[in-house]
Amino acid sequence: MAMGRRKPKQQDLWLSTQEIVKPASHPFYARVNQVLHEKGFDRKVEHLCKRYYKPVMGRPSVARGCISGCCW
């Protein structure tokens, strides 16, 4: 049997959602998101990019309209 100290026990790998701290958002970005939402920016960009989306190919992407974070 080897002589020496025992290594400290490894901490748990998983965290609950209550343990994750959500950082405070900056007022500037909150206002930018509000203005973009009011002006219908997501719909306009979706319309402009529609021709680049293939209807049935590949894995579904992130839901359009949720990138700016206004629907989180």
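**Exercise 1. Work out whether Phe28 and Tyr29 are buried or exposed, then describe how their rings sit together.**

Start with accessibility: Phe28 and Tyr29 are both exposed. Keep in mind that we're working with a predicted model here.

Next, the rings. A pair of aromatic rings is described by the distance of the centres and the angle of the planes. For Phe28 and Tyr29 the centres are 5.1 Å apart and the planes make an angle of 80°. Planes over 60 degrees apart count as edge-to-face, so this pair gets that label. Searching the whole structure turns up one aromatic pair, and it is formed by Phe28 and Tyr29.

**Exercise 2. Find which residues make up the nonpolar surface patch, and which helices supply them.**

First, list the members: Phe28, Tyr29, Val32, Leu36, Phe41 and Val45. Together they offer about 520 Å² of accessible area.

Then sort by element. Helix H1 (27-38) and helix H2 (41-49) each give two or more residues to the patch. H1 has the largest share, with four residues.

Now pick one member from H2: Phe41 belongs to that helix. Its relative accessibility is 39%, so Phe41 counts as partly exposed.

**Exercise 3. Check whether the span of H1 agrees with its 12 residues, and look at what flanks the helix.**

Take 1.5 Å a residue: the 12 residues of H1 should span 16 Å. The end C-alpha atoms are 16 Å apart, so the two values agree.

Before the helix, look at His26, which sits in the segment ahead of H1. Its side chain reaches the backbone nitrogen of Phe28 at a distance of 3.1 Å. With 49% relative accessibility, His26 counts as partly exposed, because the exposed class needs over 50%.

Just after the helix, check the backbone: Gly40 takes a positive phi of about 70°.

**Exercise 4. Sum up the whole chain: how many helices and strands does it have, and what share of its residues is buried?**

Count the secondary structure: two helices, zero strands.

Then go to burial. The chain has 72 residues, and 1% of them count as buried.

Finish with the surface: the chain exposes about 8,200 Å², with carbon and sulfur atoms supplying 60% of that area.

Conventions: Residues numbered from 1 in each chain as written. Heavy atoms only, no water. Phe/Tyr/Trp six-rings, centres within 6.5 Å; stacked < 30°, edge-to-face > 60°. Buried < 20%, exposed > 50% of the residue type's maximum accessible area, 1.4 Å probe, protein only. Patch = residues over 30% accessible without salt bridge, like charges linked within 9 Å, V, L, I, M, F, W, Y side chains within 5 Å. Areas by Shrake-Rupley, 256 points an atom, 1.4 Å probe, with all protein chains shown as cover. Salt bridge = Lys/Arg side-chain N within 4 Å of Asp/Glu carboxyl O. Expected span 1.5 Å × (residues − 1). Polar contact = N/O pair within 3.5 Å; in protein donor to acceptor, adjacent residues only side chain to side chain.
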